[in-house]
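Student: I would like to go through the pockets, cavities and helix packing of this model. Please tie each term to its cut-off.

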Amino acid sequence: MRRTSSREFASLLLAAALVASAASVEAEPSSADAGTAPRVADGAPPNSFAGAEMSADELLEALATSRSRQFKPVGHTSILFRMRTESRVTAGFKVESHGSHQGYRSEIAAYRVSRLLGLDTVPPTVFRQATRREIKSRFHKEKTARWKAVANATVWRDDGLVDGAASFWIKNPKRGLASQRGAWQAWLRVDMPIPAESADLARDLSSMVVFDFLVANWDRYSGGNLLKSPGGDRAILIDHDAAFSRMNEPLYRRMLDELMRTERFSAALMERLAALDAEAIEVELAEDPSHAKEALLNEAQIEALLDRRETVLSHVAALIDEHGADRVLFFP
């Protein structure tokens, strides 16, 4: 299912700009100069998550296999548990429900795409199952009044199992990014200053705009879907159960407008995006255990993702043509 882009000029221009800007992203930074990138951390290793001591693969193993010891319902629009495990790795366990049959699968697919892009801001997420008996016997004692409603809303299989996605639970995150949207959106315009202490955060937020558009996640700013790390210097992106769904015209236009407002991007992210194709996506998605049951994304969803990829590349290429690579590929 290999795909040839109809906008190859955008990829070619972007590739040339990436080479031309390689030296500029390594230059000594100056926070007073809006045209020079402030100091930010190097691109994330492919197997990491911001702020976690364990590698992403170690977290995935613990999330998928550690024995559960408590389920506390915390979701409102979906069936979500804070699941404590015997390995001391805590998970957000989102299960298939009558109100959201595909949401847990979208969570896993979004994480897998984030790995392809080299992002370390989406919590590791993996397919997991639990039995009705397991959840009921370990249901949080202070939440027993909610058991009947939760059980009725959950899609139980004939064998008593429920399918779900286990995501690494962020302890003590900071909030406020959604309400500060106007301030940090300004950081992503060419020639606007970025506080030196917010350099990593600005890069994360720029990459978030690209990521959300790519996976069609229109629900970033409702609820608590945009967090800061406990230290406050990184963005943490959670709750992707709305991703990969069909967007109506108003939703698509809203997301496109946000992309068009963004003028500064990570060079490493654009390099990965330019190299992305259907084969790479399929291989990465197949790494999740759920692949044995059913592919996480169908062909139409992957095609739509690649169409949105072309839109991002065309936007970035046009900005490079107007402002120059060093001002647009502003972050490493």
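**Pockets, cavities and helix pairs**

Tutor: Start with the largest pocket, which is lined by 38 residues; Leu-80, Gly-224, Asn-225, Ile-238 and Asp-239 lie nearest its centre. The model is predicted, so local features need pLDDT of at least 70 and side-chain atom pairs pLDDT 80 or more, while totals for chains, interfaces and linings use all residues. Residues are numbered from 1 along each chain as its sequence is written, and side-chain values use heavy atoms, with hydrogens and water left out.

Student: What makes a space a pocket, and what makes a residue part of its lining?

Tutor: The search runs on a 1 Å grid over the protein atoms alone. A pocket is an open set of points with protein on both sides within 12 Å along at least five of seven lines; a cavity is a set where a 1.4 Å probe fits but cannot get out. Lining residues have an atom within 4 Å of a point.

Student: Which elements give two or more residues to the lining of the largest pocket?

Tutor: They are strand 3 (91-95), helix 3 (103-116) and strand 5 (161-168). Strand 5 gives the largest share, three residues. Such elements are DSSP runs numbered from the N terminus: helices are H or I with at least four residues, strands E with at least two.

Student: How is the volume of the largest pocket defined, and what is its value?

Tutor: Grid points are joined across faces, edges and corners, and the volume is the space filled by probe spheres set on the points. For the largest pocket that gives about 840 Å³. The second largest pocket has about 360 Å³.

Student: How do the lining residues of the two pockets divide by class?

Tutor: The largest pocket has 13 nonpolar, 18 polar and seven charged residues in its lining. The second largest has 11 nonpolar, three polar and three charged. Ala, Val, Leu, Ile, Met, Phe, Trp, Tyr, Cys and Pro count as nonpolar; Asp, Glu, Lys and Arg as charged; the others, Gly among them, as polar. Of the 17 residues lining the second largest pocket, Gly-51, Ala-52, Glu-53, Phe-168 and Trp-169 lie nearest its centre.

Student: How many cavities of 30 Å³ or more does the search find?

Tutor: Two. The largest cavity has a volume of about 40 Å³. Its lining consists of Trp-184, Gln-185, Leu-188, Val-209, Glu-258, Arg-261 and Thr-262. Helix 6 (181-187) and helix 8 each supply at least two of these residues.

Student: Why are helix 7 and helix 9 called roughly parallel?

Tutor: Helix 7 (residues 199-215) and helix 9 (residues 267-275) pack at about 20°, with axes 10 Å apart. Angles under 35 degrees count as roughly parallel, over 145 as roughly antiparallel, 65 to 115 as roughly perpendicular, and the rest as oblique. The pair is therefore roughly parallel. Axes are lines fitted to C-alpha atoms, for helices over the stretch in contact, and angles run from 0 to 180 degrees between N-to-C directions.

Student: What makes the contact of helix 7 with helix 9?

Tutor: Ser-207, Val-210 and Leu-214 of helix 7 meet Leu-269, Met-270 and Leu-273 of helix 9. Contact means heavy atoms within 4.5 Å. Five of these residues are nonpolar, one is polar and none is charged.

Student: Why are helix 7 and helix 8 called roughly antiparallel?

Tutor: Helix 7 and helix 8 (residues 249-261) pack at about 150°, with axes 9 Å apart. The angle falls in the antiparallel class, so the two are roughly antiparallel. Val-209, Asp-212 and Phe-213 of helix 7 touch Tyr-252, Met-255, Leu-256, Glu-258 and Leu-259 of helix 8.

Student: What about helix 2 and helix 3?

Tutor: Helix 2 (residues 56-65) and helix 3 pack at about 165°, with axes 13 Å apart. They are therefore roughly antiparallel as well. Ala-56, Asp-57 and Leu-60 in helix 2 meet Tyr-111, Arg-112 and Arg-115 in helix 3. That contact has three nonpolar, no polar and three charged residues.
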